[in-house]
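Work through the two exercises below with the sequence and the structure at hand, and try each task before reading its solution.

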Amino acid sequence: MIVTIEKCMHCGACVGSCPQNAIYLNDFLPTFGEECNRCGRCVKLCPVGALELEVKE
Amino acid sequence: MRRECDVLVVGGGPGGSLAARYAAEAGADVLMIEKRPEIGAPLRCAEGISRAWLDEVGIAVDRKWVAKTVDGAKLVSPSGKTFYVDEKMAGNEVGIVLERHLFDKAMAASAARAGAEIMLKTSATGVVKEGEKVVGVTASSFGEPMSIDAKCVIAADGYESQVARWAGMDTKLKMNDITTCFQYRLTGIDIEHMYCEFHIGTAAPGGYVWLFPKDEDTANVGLGILASKLNDPGEVKGYLDSFIKKNERFAKGQPVEAIAGAVSVSPPLDETTMDGMMLVGDAARLIDPITGGGIAHACLSGMYAGKVAAKGLEANDLSKDFLQEYETLWRDRLENKLWRNWMAKEKLITITDEQFDVIIETLDEAGVDKMSVYNLLKVIKERLPDLVKEFEDLI
């Protein structure tokens, strides 16, 4: 997962919406755990579009 | 670092603070941890509340945390038709627009006064269980790892609701039950500052645009959109920007704050207790699915949880069985309304802009003497039985 630091509002919308509970937010940036199955839900609902699915080579 | 307490409250919002306060008042050794370095900040709230429930939870109105009182509400349809509910004229209690950062601090201060300890910049990182029983959490305090042993954990960690999930409960939400929000505090705008405004329709699909006055020319202007109605990333902010741009009243407005967030608009959880743990407020999904409001419910459930925790300590029993008293208390008080409003929300998200215009016109003709979702639905059911057949079972 790619987080655009400049866009992230640290609001936690991604954390509570993650069906895998794979996202953790300290008071700076969300981090993604191994449980992330790249479902893309957080990408869609981030209010400011700060998240992108990383394209695997 | 390791420490012990009777009651550990995770989260320093109003739900957590009320839980901490009522447990401490009853003599428990209470620790409340908050992951942010400041209680009440950053803001993630439109800040409007009704006054009706404050006495019930033992909160005395303090001008320090009241930004503004309002006389009532104004509903605006997609084509601009309006409907006013004037609470003051009807002799009802008026609404309050809060200074949330001060309100939350005042709630935490009452918890502290009752004897609760507060730790800031301390976030839970996991739940510790013995068998099925929750016995504490692992945490990080100013970057220092620690573990906290507790006889009872009260999870007041808000929308994120991670503590419950770490403990093995299912707090997952459907996309139809999540609203994603963005808000500016706009100043220098032309507003009717005695009313909170609600704009319904496709300006905010599946949700609404709100305008809650903070003073004569400043308001929280924001919107929530149902996650299942979103298509592109970042759309939520885009919807608000275009709503503001289209509205002449905001032409001279400037933002002094921008916030984002999400809120559940789901039914409440089937279970909010397990051995050694209770969930309160947003963490238990106690948000009104129509308004997205949750402060009253957080305070009520927090109070109940704090009291039940203290009773459990006295009885030396914090089993799930014992904690059923908490489950019963909040369900008796809130559950019917939460379920009814969730069912009503499921219908409302299917209504078109043209239908909303008819509904607002009808409400304006019929009048409602007290602003509540129930009263509004009742009028709609009586006056527009064909349009909203589905409301039949809800009233």
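**Exercise 1.** Which exposed residues does the face of α7(B) turned away from its buried side carry?

*Solution.* Begin by locating the helix in this predicted model: α7 of chain B covers residues 353-366, and its 14 residues reach 20 Å from the first C-alpha to the last, close to the 20 Å expected at 1.5 Å a residue. Next, pick out the buried residues of α7(B), which are B:Phe356, B:Ile359, B:Ile360 and B:Leu363. Seen down the axis of α7(B), these buried residues fall within an arc of 95°, so they line one face of the helix. The spacing fits a general rule: an α-helix has 3.6 residues a turn, so residues three or four places apart point the same way. The buried residues of α7(B) pack against β5 (72-76), β6 (82-86), β13 (195-200) and α8 (373-383) of chain B. Finally, turn to the face directed away from this buried side, where the exposed residues are B:Glu354 and B:Glu365. Just after the helix comes B:Gly367, with a positive phi near 75°.

**Exercise 2.** How many residues of chain A are in contact with chain B, and which element of chain A gives the most to that side?

*Solution.* Start with the count: 19 residues of chain A are in contact with 26 residues of chain B. Then consider the elements that give two or more residues to the side of chain A touching chain B, namely α1 (13-17) and α2 (41-45) of chain A. Of the elements on this side, α1(A) gives the most, with 4 residues. As a last step, sort the residues of this side of chain A by character, which yields 11 nonpolar, 6 polar and 2 charged.

Technical notes:
Residues are numbered from 1 along each chain as its sequence is written. Chains are lettered from A and ligands numbered from 1 in the order in which they are written. This is a predicted model: local features need pLDDT of at least 70, side-chain atom pairs count only at pLDDT 80 or more; totals for chains, interfaces and linings use all residues. Two residues are in contact if their C-beta atoms, placed from the backbone, lie within 7 Å. Ala, Val, Leu, Ile, Met, Phe, Trp, Tyr, Cys and Pro count as nonpolar, Asp, Glu, Lys and Arg as charged, and the others, Gly among them, as polar. The expected span of a helix is 1.5 Å times one less than its number of residues. A residue is buried if 20 or more other C-beta atoms lie within 10 Å of its own, exposed if 12 or fewer, and partly exposed in between; C-beta atoms are placed from the backbone. The arc is that of the directions from the helix axis to the C-beta atoms.
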